[in-house]
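Colleague: Please take me through the sheet in this model. I want the strand order, the edges and whatever packs on it.

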Amino acid sequence: MKFRPLMILGAGSDVGKSILTAALCRIFRQESIWVAPFKAQNMALNSFITPEGGEMGRAQVVQAQAAGLTPHVDMNPILLKPSSDVGAQVIVQGKVYGNLGARDYYQHKPRLVRKVMESYRRLAASYDLIILEGAGSAVELNLKKNDLVNFSMAKRIGAAVLLVADIDRGGVFAATIGTHHLLTRVERRLLEGFIINKFRGDISLFDSGVKIIERRTGKKVFGVVPYMRDLLLPQEDSVALERKMRQQTGVSSTDLQINILRLPHISNYTDFDPLEQEPGVNLNYFDHHHYPADADLLILPGTKNTIADLLYLHQTGLAEKIRNYAKRGGRVIGICGGFQMMGEVVRDPLGMEGTAPEAEGLGLLPLITTMAGEKTTTQVEARFLGLGEERPLVTGYEIHLGITDLIGEGRGVFEITRRLGQPVKLRDGYASQDFRSWGSYIHGLFDSDIFRRAWLAELRRGKGLEVAEAGVYTFEAFQEEQFDRLAEVVRGCLDVERLLRVIRL
């Protein structure tokens with residue numbers, strides 16, 4: 001049975017659109033409906049590589065997983081990856097389209113709309129229900145003329161629209177009734193109602209609030225969703241990372257202390273989500289405002305602008321602190337851009353990052369990286385070479401610009417055995433001879449349970465700590481539990497039957 005497309009729009013940014021879309025994907029999957037997510041245009045630095053080698057935003061990856069699907073770039077045909085305050089790398093249907101400023105981007109709108117609709121039509125032909133996510137606020141009046149992702153998309157496909165408002169931040173009546181007031185007549189016809197999100201306390205206390213919204217707008221409040229403080233699913237924006245930094249807790253003497261550098265252009269920090277759930281691991285994000293004195297491991301994550309973030313490290317004194325930490329015997333690993341930073345120098349002769357022609361690296365590994373060539377976007381399987389005869393399997397993905405060359409003594413970190421499904425034999429990454437410092441281009445490697453457990457066990461032995469028994473926690477099973485819990489909570493407070501009546505053709 002085919003259904004009318006359903007669109008989740010927001011009264012503002014960070015109101016919970018992505019998570020509620022994931023919840024609905026899981027709920028409708030449980031209802032045996034063949035459902036897929038879609039977001040016409042996403043802006044994020046956390047991205048993913050599909051099995052075909054296409055790049056897309058993490059939010060739609062999570063939503064696809066909630067729906068039980070393999071992610072595909074048609075679910076997010078346009079991805080904007082900010083590289084500066086005024087420009088972004090534009091990814092269209094999984095491939096680099098170009099680096100554009102905002103005004104230049106708008107000039108490409110007619111072609112981009114065609115690409116968006118191509119992707120949407122392919123999905124709509126393959127699935128019974130498409131759940132679309134909007135971006136930011138649905139009624140930014142100065143931006144509506146160039147809108148690709150909110151009501152303009154809803155109008156093109158005749159979607160039923162639900163508007164999400166965040167009651168936790170206050171002003172929920174202004175957010176709902178005010179948004180309704182700013183809608184055009186056509187937009188009001190598409191709007192079926194509201195979801196009030198992130199309510200703390202006894203939801204029945206807002207019964208009168210629901211009546212006020214419904215009376216003032218003539219639209220249904222489909223549900224009031226509680227604040228799910230301990231829900232643990234991958235998120236993609238800097239707001240979520242700021243929350244992680246605020247929620248950090250103290251460390252026990254029996255814990256491994258892992259410190260992750262929060263770079264100005266940090267990307268793919270979801271790489272480290274599996275480590276957060278490991279028993280006996282304390283994960284701490286830091287920047288130049290707070291540099292923790294002690295750590296068992298320091299991680300340099302990915303970045304959308306390696307040179308700009310290297311300059312930040314030098315300007316704030318963090319570069320010297322990281323070097324001194326490594327000289328004292330500290331362990332340092334770098335992923336993607338963090339790996340590039342560990343070398344002697346990063347060069348950008350073609351101005352691909354647009355910051356500076358080169359920047360001095362941290363000098364932890366004898367490497368030179370040159371920003372040149374096409375962007376690498378591949379899924380890989382590899383074996384980790386840093387545990388002697390034990391070579392645990394890793395699955396992950398590469399997503400980077402630049403060619404990194406060894407100019408001294410160094411060891412490979414991974415042996416890639418498959419790339420985009422084809423057998424290969426390639427070296428990835430470099431390590432110091434004692435393997436206390438190493439870097440790799442592979443994202444998502446900590447999702448691999450066997451590798452993660454073996455690597456953490458080696459760290460614990462190095463600290464003289466007891467090694468936990470294997471098999472305590474699997475990341476994929478944990479994520480599935482989170483999806484089911486999310487669906488259970490949202491189903492319990494959302495009028496799903498009424499929603500099905502609205503979208504049933």
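Modeller: The sheet is open, with 6 strands in the order E2-E9-E1-E10-E11-E12 and parallel pairing. E2 (35-38) and E12 (220-226) are the edge strands; each has a single partner strand, so one side of each has no neighbour in the sheet. From one strand to the next, the twist averages 20°.

A word on the basis. This is a predicted model: local features need pLDDT of at least 70, side-chain atom pairs count only at pLDDT 80 or more, and totals for chains, interfaces and linings use all residues. Residues are numbered from 1 along each chain as its sequence is written, and side-chain values use heavy atoms, with hydrogens and water left out.

Strands here are DSSP runs of E with at least two residues, and helices are runs of H or I with at least four, numbered from the N terminus. Two strands pair if DSSP finds at least two bridges between them.

At one edge, E2 pairs with E9 (residues 129-133) in the parallel sense over 4 bridges. There, proline 37 stands opposite isoleucine 131 of E9.

Helix H1 (residues 17-30) packs on the sheet and touches E1 (6-10), E2, E9, E10 (160-166), E11 (191-199) and E12. Contact means heavy atoms within 4.5 Å. The direction of H1 makes about 170° with that of E9. Axes are lines fitted to C-alpha atoms, for helices over the stretch in contact; angles run from 0 to 180 degrees between N-to-C directions.
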